[in-house]
Amino acid sequence: PFKLVFAGAGWKKRVGFDHSKIGNVDVYVIDREMSEEEFLYLNTQSLFGLFPYRQPEDKSEAFQGSGVLPNYIFRGKACIVFNDGCLPEYVDDAGIVIKNYATDPQELASAIDKLLDDNIRAEYESKIKERSYLFSVKYHAEECLEYFKKIL
């Protein structure tokens, strides 16, 4: 059994339901902004992060792909991302980047299968933990301070 959670405003529009059982997978949609406590719970309790973000077809919508991923990286979670926006740059070789998401859904399914394997997931977690400092508040503050010093 596997629980897949799509969390955040707008997912119900894309997925079309609040809950569905597909094979041995329970899919849940939380179609709203989450509280800090809920977000922290999902962030720490998830087996891995899955970020199927892509540029919207509707030009009135904004790309929503960069805000949550750094939290998963900071926590050392293995991640799957689509090859869009800044997502591949964030995970680098420490995550699985789905390059053909528009034409090959099997690529995403294979990536999920990989991260369900404890040994493979541990390899990605080890790599992502090496990048986690890049997403810490301390590192970000130090980088910003240095930048502002250069400006001054």
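Two strands are taken to pair if DSSP finds at least two bridges between them, where strands (E, at least two residues) and helices (H or I, at least four residues) are DSSP runs numbered from the N terminus. This is a predicted model, in which local features need pLDDT of at least 70 and side-chain atom pairs count only at pLDDT 80 or more, while totals for chains, interfaces and linings use all residues. Residues are numbered from 1 along each chain as its sequence is written, and side-chain values use heavy atoms, with hydrogens and water left out.

Strands β2 and β3 run antiparallel and are joined by four bridges, and I22 has V25 in β3 as its bridge partner. Two residues lie between the strands of this hairpin, where G23 takes a positive phi near 60°.

Helix α5 has twelve residues, which at 1.5 Å a residue (times one less than the number of residues) should span 16 Å, and this agrees with the 17 Å between its end C-alpha atoms. Its buried residues (under 20% relative accessible area with a 1.4 Å probe, protein chains only) are A111, I112 and L115. Because they cover an arc of only 100° around the axis, judged from the directions to the C-beta atoms, they lie on the same side of α5. The elements below are among what covers them, contact meaning heavy atoms within 4.5 Å.

| Element | Residues |
|---|---|
| β1 | 2–7 |
| β4 | 49–51 |
| β5 | 79–82 |
| β6 | 96–98 |
| α6 | 118–131 |

The largest nonpolar core (buried Ala, Val, Leu, Ile, Met, Phe, Trp, Tyr and Cys residues joined through side-chain atoms within 4.5 Å) has 31 residues, and L69, I80 and V91 have the most contacts inside it. Its largest share, four residues, comes from β5. Leaving aside neighbours within four places in sequence, V91 is in contact with L69, I73, C79, V81, V97, I128 and R131.

How values were computed: Buried means under 20% relative accessible area, exposed over 50%, partly exposed in between (1.4 Å probe, protein chains only).
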